[in-house]
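Work through the exercises below with the sequence and the structure at hand. Each task is followed by a solution in steps.

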Amino acid sequence: MSEFRLTQISDTHLSRRLPSLTHNFERVSEHIDASRPDIVINSGDLAFDGPTSPDDLEFARTLHAALQAPCRYLPGNHDIGDNPTIVGPPPSQPVTERDCQRFMSVFGEDRWSFDAAGWHFIGLNSMVMNTGLGREAEQFDWLASQLAGANTKPVALFLHKPLFLNSPDDPELAATSIRYVPMPARARLVQMLGSVDLRLVASGHVHQRRDYTLGSVRYIWAPSAGFVISDKRQEVIGIKEVGLVEYRFQPDSFEVRHVKVPGQVDIDMDSLLR
Ligand SMILES: [Fe+2]
Ligand SMILES: [Fe+2]
C-alpha cells in the first residue's frame, strides 16, 4: 500500500442522554461513510463520563461499530479517569485498574501499534502515566520494544493528552497540569521518543484545533467531534471549533487536512451541563 488514509476523531463524549452530541457524531459518521479512510482513530474521551456511567462506553462502542471503516481507540480521562500530577490537586476521578479493564472489555487494547505505507504507528494510553499502576510500567516496557522495532521507519504517535503546550521544557503549572502528559512521565516519554525518527504526535483532549511543527515533529491537536469549551472556562490556544483531522501517509511523507464536517455544530459545553 503506497498511500494510507487515516481519519482522527477525538473527544466524541457520547452518551445516550446527550442527543446533540450524537447528532454531531452522525455527521462524522456520514463523512466517514463517504470518504472511506483506511482507518479511523478516536484519540479518547469516547464517552461522556465512562467511570460514573459505564453505559456511556457501551453507547459509544455501538455508534463506532457502525462506522464504515476499521477503528482503533485510545482512552481519555472521561473514559477511565485522570492522571495524578506532582503539582496540581489529585484528580476527582483517578485512573484505576478496574476502569482500564472496563475500557478494554468494550473497546479492546488501550495501546497498539501497526505498520502502513512505510510508517510505524503507535497508540499509547496517556492516562495511565504517573499512576504507579503495573499497567504504566508494562506500557513503558512495551513502548521500548516498539521503538527498537521501528528501525528507520518514520513514527507517528497517537495519544489522548498533548505531550506539552509548546516544548518539552515547558514548566508544569498547577492550573494546567491536567492538560498535558504529566511530569515526570512526560520527560521519560520524550527521551524515549528521541531514539526514533518521530514525525507526528497527534493528540486530543483540549477541544481546540492546533497544528505546529517543532524540529522535525509535527504536533496536531485534533478538535473535539462533539463540543467546544467557552473562553470563560478555558483559555484560547488554538481554534475552538468541532471537527476532525484527515491524514494521508506515503513512504517518508504525510499530508494533513483539517475538516469541519457539514452539519457539525459548535455546541458549547455549558449548554450540555444545564
Ligand atoms: Fe474531552
Ligand atoms: Fe480529555
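Two strands count as paired if DSSP finds at least two bridges between them. The model used throughout is predicted.

**Exercise 1. Find the bridge partner of Leu244 in strand 12, and describe how strand 11 and strand 12 are joined.**

Step 1. Strand 11 covers residues 244–250, and strand 12 covers 253–259.
Step 2. Seven bridges join these two strands, which run antiparallel.
Step 3. Leu244 has Val259 as its bridge partner in strand 12.

**Exercise 2. Give the strand order of the open sheet of five strands and explain why one side of strand 3 and of strand 12 is left without a neighbour in the sheet.**

Step 1. The order is 3-2-1-11-12, and the pairing is mixed.
Step 2. Strand 3 (71–73) and strand 12 stand at the edges; each has a single partner strand, so one side of each has no neighbour in the sheet.
Step 3. Direction ignored, neighbouring strands of this sheet are turned by 20 degrees against each other on average.

**Exercise 3. Describe the open sheet of six strands and two of its pairings.**

Step 1. The strands follow the order 4-5-6-7-9-8, again with mixed pairing.
Step 2. Strand 4 (112–116) and strand 8 (210–214) are the edge strands, each pairing on one side only.
Step 3. From one strand to the next, the twist averages 15 degrees.
Step 4. At one edge, strand 4 runs antiparallel to strand 5 (residues 119–123), with five bridges between them. Within this pair Phe114 stands opposite Phe121.
Step 5. At the other edge, strand 8 is joined to strand 9 (residues 217–221) by five bridges, and these strands too run antiparallel. Here Tyr212 stands opposite Tyr219.
Step 6. Strand 8 and strand 9 form a hairpin with two residues between the strands, in which Gly215 takes a positive phi near 60 degrees.

**Exercise 4. Is Ala47 buried or exposed, and which residues is Ala47 in contact with?**

Step 1. Ala47 lies in the loop between strand 2 (39–42) and helix 2 (54–65).
Step 2. A residue is buried if 20 or more other C-beta atoms lie within 10 Å of its own. Ala47 has 29 of them within 10 Å, so Ala47 is buried.
Step 3. Neighbours within four places in sequence are left aside. The contacts of Ala47 are then His13, Leu14, Ser15, Asp56, Leu57, Ala60, His78 and Asp79.
Step 4. Asp11 is 36 residues away from Ala47 along the chain, yet their C-alpha atoms are separated by 7.9 Å.

**Exercise 5. Which members of the largest nonpolar core touch the most other members?**

Step 1. This core has 60 residues.
Step 2. The members in question are Leu14, Ala156 and Leu157. Leu14 is also one of the contacts of Ala47.
Step 3. Not counting residues up to four places away in sequence, Ala156 touches Trp119, Phe121, Arg199, Leu200 and Ala202. Phe121 is the residue opposite Phe114 in Exercise 3.

**Exercise 6. Judge whether the protein is as compact as a globular protein of its length.**

Step 1. The protein has seven helices and 13 strands.
Step 2. Its radius of gyration is 17 Å, close to the 19 Å that the globule rule gives for 274 residues, so the protein is as compact as a globular protein of that length.
Step 3. Along the principal axes, the C-alpha atoms fill a box of roughly 50 × 45 × 35 Å.
Step 4. Of the 274 residues, 43% count as buried.
Step 5. Among contacts between residues at least 6 apart in sequence, 71% join residues at least 24 apart.

How values were computed. Residues numbered from 1 in each chain as written. Chains lettered and ligands numbered in written order. Predicted model: local features only at pLDDT ≥ 70, side-chain atom pairs only at ≥ 80, totals over all residues. Core = buried A, V, L, I, M, F, W, Y, C linked by C-beta atoms within 7 Å. Buried ≥ 20, exposed ≤ 12 C-beta atoms within 10 Å, placed from the backbone. Contact = placed C-beta atoms within 7 Å. Helix = DSSP H or I, 4+ residues; strand = E, 2+ residues; numbered from the N terminus. Axes fitted to C-alpha atoms, helices over the stretch in contact; angles between N-to-C directions. Rg over C-alpha atoms; globule rule 2.2 N^0.38 Å.
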